[in-house]
Amino acid sequence: MANRYSAFSLLKHALTGAPWQRAWRSPQPKSSYDVIIVGGGGHGLATAYYLAANHGIRNIAVLEKSYIGSGNVGRNTTLIRSNYILGGNTHFFEHSMKLWEGLSHALNYNVMVSQRGQIVLAHNPSQLDVLGRKGNTMKLNGIDAQLLDRGDVMRILPYLDFSNECRFPIYGGLLQQRAGTVRHDAVAWGYARAASELGVDIIENCEVTGFLENEGTISGVETTRGRIMAGRTAICVAGHSSRLAAMAGLRLPVESHILQAFVTESIKPLIHHVVTFGADLFYISQSDKGGLVFGGHIDGFNTYTQRGQFPKVQDVAECAVALIPGVSRLRLLRHWGGIQDMTPDGSPFIGRTPVKNLYFNGGWCYQGFKATPASGWCFAHTIAHDDEHPLARHFSLDRHMHGNGFDEYGLGLWTYRQ
Ligand SMILES: Cc1cc2nc3c(=O)[nH]c(=O)nc-3n(C[C@H](O)[C@H](O)[C@H](O)COP(=O)(O)OP(=O)(O)OC[C@H]3O[C@@H](n4cnc5c(N)ncnc54)[C@H](O)[C@@H]3O)c2cc1C
């Protein structure tokens, strides 16, 4: 790498005061590429990187309508885990976890992977049984899991509400020690820099406005910076999936919803894990700067706005206080929204489409950040070989037509329950 980051280069720059090189090049778009990836979020950038690194395809452009990191990759609550129960999910998300574990070295960029552990709480005996079954399934698949009883949880998370008056009593929990958080915008920057080093053109402020289609085959895209031809075109636009796919004539089972994230004022280290409430969709962790970071459900209506509504702020705050009463004394510093692409079964799509030379990656619902490395890895394979990767076959676009919904914990249903 031309501008390799190391302790030595840090020292050299500190002593000489020499400016750092731009992290990635900013080229003008060429008239044609072997592969065009629409969307410079985590999934688009990871796909470009693995296409170049694993498959030797380097004549690639990533077209991003705004700036790198402006989408959900820079808006999420940074949680990663591989505590799934369905066969297809366990192996896919565990592959992602393994890639996270080596990602800073692979990219030569510190993405700040923090395997601080995630604890999912059980608030009644049958929920603890379900967590036990999930933990056993994980262990049988070679994934770390540890069932905790109430005493263990009291010892590890003493700040939770264990009082007799609490609304949701705590019976135990399931710990995945290798789960945790990753600095989300560093993931976008790290993949962008490493892909650019391998020859990928990252073109910001370049919105795709249409596809060049002839007799069911895509040969390029129309953009705000002109027409660009492509051998293969891949869509990775998260919350805008259905809009982009419609431009290519595809009607997807995807709805765009807003999901909010919240950060409090900074406090001394209190929450050393990621804690997930078992009584509602709510999770909390603490950032390196000291703010408590948390989130809950989607707001519950279709929208492309990135500004959240107050009723959801109230719902999420109620969950926080039910779990950790002391949180009520903190001030909420900021909250923001991102546009999520929700599917009927809560699972994503990665693969080919009925349109020749057009590939689709989207529908990530609540789980797209943790999936970023595996998604890029598998999608790059699909584009390079025009065939689905074995780890992602069950995420096919036509699964609903064949009754093969892939519904882990009924997450997808949350879209319609609001
Ligand atoms: C508040 C919130 C919290 C979340 N928390 C978590 C979490 O803790 N863990 C987890 O696993 N997941 C989480 N997610 C989900 C996760 O962030 C997303 O599923 C994932 O980031 C989506 O993939 P992406 O990074 O490629 O998306 P994005 O970063 O949104 O990338 C898509 C890009 O496409 C671009 N684009 C759109 N249209 C066009 C066009 N026409 N032309 C060119 N470019 C275009 C957009 O500008 C955008 O940059 C959360 C999401 C939100 C909103």
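User: When is a residue near a molecule, and which residues come nearest to the ligand here?

Analyst: A residue counts as near a molecule if one of its heavy atoms lies within 4 Å of it. This is a predicted model, and in it 37 residues surround the ligand, with Glu64, Asn72, Val73, Thr77 and Lys370 coming nearest.

User: Nice. Which parts of the fold supply that shell?

Analyst: At least two shell residues come from each of helix H2 (42-55), strand S12 (255-266), strand S16 (332-342) and helix H9 (368-385). By class, the shell holds 16 nonpolar, 16 polar and five charged residues.

User: What is 2.8 Å from an oxygen atom of the ligand?

Analyst: That is a polar backbone atom of Val73. For His43, a backbone N or O atom lies 3.1 Å from a ligand oxygen atom. Asn76 uses its side chain: a polar atom there is 3.4 Å from an oxygen atom of the ligand. As for cover, the ligand taken alone exposes 1000 Å², and the protein buries 97% of that.

User: How do I read pockets, and what volume does the second largest one have?

Analyst: The general idea is friendly enough: rolling a probe the size of a water molecule over the atoms shows where empty space is left. Here, the second largest pocket has a volume of about 710 Å³. Its lining counts 29 residues, and Thr78, Arg183, His184, Ser287 and Lys289 lie nearest the centre.

User: Which elements line that second largest pocket, and what classes of residue do they bring?

Analyst: Helix H6 (184-197), S12, strand S14 (283-286), strand S15 (291-302) and S16 each give at least two lining residues. The whole lining has seven nonpolar, 15 polar and seven charged residues.

Definitions and conventions. Residues numbered from 1 in each chain as written. Predicted model: local features only at pLDDT ≥ 70, side-chain atom pairs only at ≥ 80, totals over all residues. Heavy atoms only, no water. Polar contact = N/O pair within 3.5 Å; in protein donor to acceptor, adjacent residues only side chain to side chain. Areas by Shrake-Rupley, 256 points an atom, 1.4 Å probe, with all protein chains shown as cover. Helix = DSSP H or I, 4+ residues; strand = E, 2+ residues; numbered from the N terminus. Nonpolar A, V, L, I, M, F, W, Y, C, P; charged D, E, K, R; others polar. 1 Å grid on protein atoms, 1.4 Å probe; cavity = no way out; pocket = protein on both sides within 12 Å on 5 of 7 lines; lining within 4 Å. Points joined across faces, edges and corners; volume = space filled by probe spheres on them.
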